[in-house]
Amino acid sequence: MYPILFKPIIKKMIWGSESWEITCRPNEMGIIENGEYAGMAFADFIAKDRAAVLGTHAGEKFPLLVKVIDARDVLSVQVHPNDEYARLKGEADTGKSELWYILTPPTDGLLVVGLKEGVTREVLAKAYEDGTVEQCLNRIKVSRGDIINIPAGLIHALTPGIRVAEIQQNSDITYRLYDFGRVGADGMPRPLHVSDALAVTEFGKINEAAEHFTVEKQTVTSQITATSNPQIFSVYTCVEGSAVFEVNSHTVTVEEARSVFIPARLGEYVIRPCDKGESVVLLKSDPIVNL
């Protein structure tokens with residue numbers, strides 16, 4: 001076992017691009033970039049020794065998806081379902097809760113998160129019919145280094161100029177409520193999912209307690225030692241500076257906006273800044289397991 005880097009999967013979108021850093025999905029399968037397993041698909045690596053790679057308490061499906069999103073234009077106003085709604089709809093994926101770390105703030109500094117006070121389901125449904133959805137949206141000021149939690153049921157939209165690291169459940173279910181009159185590559189309006197969006201949106205206070213994963217922000221200024229958890233894997237995303245991960249004879253450099261996978265049975269490993277005197281900021285993501 002050693003710290004694993006994957007070849008980023010770059011997706012060009014109508015509004016910008018996504019780099020899928022840690023992914024284990026049939027149509028977006030991570031390919032190992034470093035070490036003796038370079039060129040191997042993530043699923044095949046897991047199959048070699050599932051407990052050693054994912055941990056003794058991992059579920060059947062790989063639970064996380066880690067991306068870097070670069071938005072030139074505004075994304076659609078969207079919302080994601082929780083696990084229960086996804087099951088009721090017969091979706092192949094789970095629900096989708098996510099978290100953003102702001103790498104570069106939007107051009108105007110404002111991000112769409114939630115709805116304005118007093119906006120009910122009836123008010124939002126009428127706003128959709130009237131074309132006034134934008135007037136219902138809550139905008140917050142964000143800066144580099146801010147962390148924004150987006151639990152299932154919270155309406156949101158990334159805005160032009162923003163770049164974020166995103167940690168989320170391994171799901172690709174998105175319900176679009178509004179798309180600013182945009183058309184797709186075929187010249188036709190992109191499909192909306194108004195009924196589902198209204199059904200899953202949480203109005204009022206949303207429970208933001210972590211249910212599926214935790215994210216810990218760590219600042220590393222000198223060499224530290226950590227130990228993997230044999231029950232579950234971890235993922236580190238470098239969000240400022242560059243870090244070196246060392247174990248046995250393996251040395252892995254993780255640049256800003258890249259992620260590294262720590263197998264559950266890796267054991268003790270060292271983390272240090274790439275350059276002496278540098279300060280490195282990392283996000284350590286751990287799935288929540290039911291013991």
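## Sheets and aromatic contacts

Tyr 2 counts as buried, at 1% relative accessibility. The model described here is predicted. Two open sheets, one of 4 strands and one of 6 strands, are set out below, together with the contacts of aromatic rings. The structure holds 13 aromatic pairs.

**Aromatic pair of Tyr 2 and Tyr 37**

- The rings of Tyr 2 and Tyr 37 are stacked, with 6.0 Å from centre to centre and 0 degrees between their planes.
- Tyr 2 belongs to the segment before S1, whereas Tyr 37 belongs to the loop between strand S4 (28-29) and helix H1 (42-48), so the pair ties together parts that lie 35 residues apart in sequence.
- Tyr 37 is buried because its relative accessible area, 18%, falls under the 20% cut-off.

**Aromatic pair of Tyr 236 and Tyr 269**

- The pair of Tyr 236 and Tyr 269 is edge-to-face, because the ring planes stand at 80 degrees, with the centres 6.2 Å apart; the cut-off for this class is over 60 degrees.
- Distant parts of the chain are linked by this pair: Tyr 236 is in strand S16 and Tyr 269 is in strand S20 (residues 268-273), 33 residues apart.
- Tyr 236 and Tyr 269 are both buried.

**Other ring contacts**

- One aromatic cluster is formed by Phe 6, Phe 42, Phe 62, Phe 233 and Phe 261.
- Lys 11 lies over the face of Trp 20, at 4.2 Å from the centre of the ring.

**Sheet of 4 strands**

- The strand order of this open sheet is S14-S21-S16-S19, and the pairing is antiparallel.
- Strand S14 (213-220) and strand S19 (259-262) each have a single partner strand, so one side of each of these edge strands has no neighbour in the sheet.
- From one strand to the next, the twist averages 25 degrees.
- Strand S16 (residues 234-240) pairs with strand S21 (residues 280-287) in the antiparallel sense over 5 bridges.
- Tyr 236 has Lys 284 in S21 as its bridge partner.

**Sheet of 6 strands**

- This open sheet runs in the order S1-S2-S5-S12-S7-S10, again with antiparallel pairing.
- Its edges are strand S1 (9-13) and strand S10 (147-150); each has a single partner strand, so one side of each is left without a neighbour in the sheet.
- Neighbouring strands of this sheet are turned against each other by 25 degrees on average, direction ignored.
- Between strand S2 (residues 16-22) and strand S5 (residues 64-71), antiparallel pairing extends over 6 bridges.
- Ser 19 stands opposite Val 68 in S5.

Conventions. Residues are numbered from 1 along each chain as its sequence is written. This is a predicted model: local features need pLDDT of at least 70, side-chain atom pairs count only at pLDDT 80 or more; totals for chains, interfaces and linings use all residues. Side-chain values use heavy atoms; hydrogens and water are left out. Two strands pair if DSSP finds at least two bridges between them. Axes are lines fitted to C-alpha atoms, for helices over the stretch in contact, and angles run from 0 to 180 degrees between N-to-C directions. Rings of Phe, Tyr and Trp (its six-membered ring) pair if their centres lie within 6.5 Å; planes under 30 degrees apart count as stacked, over 60 as edge-to-face and the rest as tilted. Buried means under 20% relative accessible area, exposed over 50%, partly exposed in between (1.4 Å probe, protein chains only). A charge sits over a ring if NZ of Lys or CZ of Arg is within 6 Å of the ring centre and within 35 degrees of the ring normal.
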